[in-house]
Amino acid sequence: MKIEIWSDIMCPFCYIGKRRLESALENFEYKNHIEIVWKSFLLNPDMKTDTSKSTAEYLAETKGWSLEQTHQITNQVTEMAGGEGLVYNMDKTVVANAKNAHRLLQLSKTLGKGDEMKERLLKAYFTEGKNIDDFATLVSLAEEVGLGKERVETCLNSNEFAENVEQDILESRQIGVRGVPFFVLDRKFGISGAQPVEVFEDTLNKAWADFVKENPILQMENGDQGNACDMDGNCD
């Protein structure tokens with residue numbers, strides 16, 4: 001069963017939501033039958049990268065908040081993240097456009113490394129304060145999860161996968177996504193936001209029960225495997 005997740009790398013609740021989904025999946029009996037698909041979403045596609053400005057300063061300017069208000073809000077989010085075992089260093093996060101990071105994520109998906117790349121990008125932004133619009137940084141992060149340097153550089157130095165990012169965003173509008181994270185289970189059940197783990201568990205069970213009606217899972221009987229011959233003619 002497929003779970004599609006619309007998410008932005010700069011969204012603090014997206015990392016929290018990722019952890020809560022993972023917690024729900026930990027004890028899910030059929031977790032090996034679940035496919036996670038990361039979808040791109042840009043909260044601020046026109047953001048100008050400015051590493052001289054902190055995220056707190058940017059939020060204060062764009063939201064009309066005082067710096068004191070901004071720090072109070074980010075501290076609350078940091079505390080929420082800590083409850084999921086995440087370390088947020090919001091004072092280190094920098095203002096960076098996420099388009100190129102999303103293109104890298106799209107490349108990673110084609111190479112079977114989507115989940116690893118998504119995790120690495122989120123940690124780089126929220127914990128390590130890295131500039132996720134810097135090509136050298138993105139190449140280094142990609143290498144850490146097993147992607148080839150030359151392939152990543154070719155992608156970043158072109159406009160490759162930009163259409164994939166835009167397609168994901170268009171698709172999100174078509175299904176009514178108004179904010180992220182947004183989780184779609186089997187194209188029938190949706191979860192908006194970083195809901196409590198119990199919500200993920202309940203929705204996961206409902207979606208799975210509906211999924212297996214049309215896609216029955218073969219159940220193996222308990223006990224050791226009996227004698228059999230394989231396709232190579234080996235019998236034991």
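**From a strand pair to the helices around it**

In strand β5, the bridge partner of W6 is F182, and this pair offers a convenient way into the structure, which is a predicted model. The strands concerned are β1, covering residues 2–7, and β5, covering residues 182–185; they run antiparallel and are joined by four bridges. Both belong to an open sheet of four strands, in the order β2-β1-β5-β6, with mixed pairing. The edge strands of this sheet are β2 (35–40) and β6 (189–192), each of which pairs on one side only. On average, and with direction ignored, neighbouring strands in the sheet are turned by 20° against each other.

The sheet is one part of a chain that contains nine helices and six strands. Along the principal axes, the C-alpha atoms of the chain fill a box of roughly 70 × 40 × 35 Å, and 44% of the 236 residues are buried. Among the contacts in the chain with a separation of 6 or more, 72% are accounted for by residues 24 or more positions apart.

From the sheet, the path leads to helix α4, which lies across β1 and β2 and runs at about 150° to β2. A residue of another helix touches several residues in this region: D168, which lies in helix α8 (residues 162–174). With neighbours within four places in sequence left aside, D168 is in contact with W6, W38, K39, S40, Q106 and K109, and the first of these names, W6, is the residue bridged to F182 in β5. Is D168 buried or exposed? Its relative accessibility is 5%, and because buried means under 20% relative accessible area, D168 counts as buried.

Helix α4 also packs against helix α5 (residues 114–126), and the axes of the two come within 7 Å and cross at roughly 155°. Since angles over 145 degrees count as roughly antiparallel, α4 and α5 are therefore roughly antiparallel to each other. On the side of α4 the contact is made by A101, L104, L105, S108 and K109, and on the side of α5 by G114, M117, K118 and L121; the residues of this contact divide into five nonpolar, two polar and two charged. K109 thus takes part in the contact with α5 and also touches D168. S108, likewise found in α4, has a relative accessibility of 0% and counts as buried. Not counting residues up to four places away in sequence, S108 touches K113, G114, M117 and L147.

Two of the residues touched by S108, K113 and M117, are also touched by V145, together with E116 and R120, when residues up to four places away in sequence are not counted. V145 has its place in the loop between α6 and α7, and at 13% relative accessibility this loop residue counts as buried. The C-alpha atoms of V145 and A124, which are 21 residues apart along the chain, are separated by 13 Å.

Beyond that loop comes helix α7 (residues 149–156), whose buried residues are V152, C155 and L156. Seen down the axis of α7, these buried residues fall within an arc of 90°, so they line one face of the helix. What covers them includes α4 (99–110) and α6 (135–144), and the route therefore returns to α4, the helix that lies across β1 and β2.

Notes: Residues numbered from 1 in each chain as written. Predicted model: local features only at pLDDT ≥ 70, side-chain atom pairs only at ≥ 80, totals over all residues. Heavy atoms only, no water. Buried < 20%, exposed > 50% of the residue type's maximum accessible area, 1.4 Å probe, protein only. Arc of directions from axis to C-beta. Contact = heavy atoms within 4.5 Å. Pairing = 2+ DSSP bridges. Axes fitted to C-alpha atoms, helices over the stretch in contact; angles between N-to-C directions. Parallel < 35°, antiparallel > 145°, perpendicular 65-115°, else oblique. Nonpolar A, V, L, I, M, F, W, Y, C, P; charged D, E, K, R; others polar.
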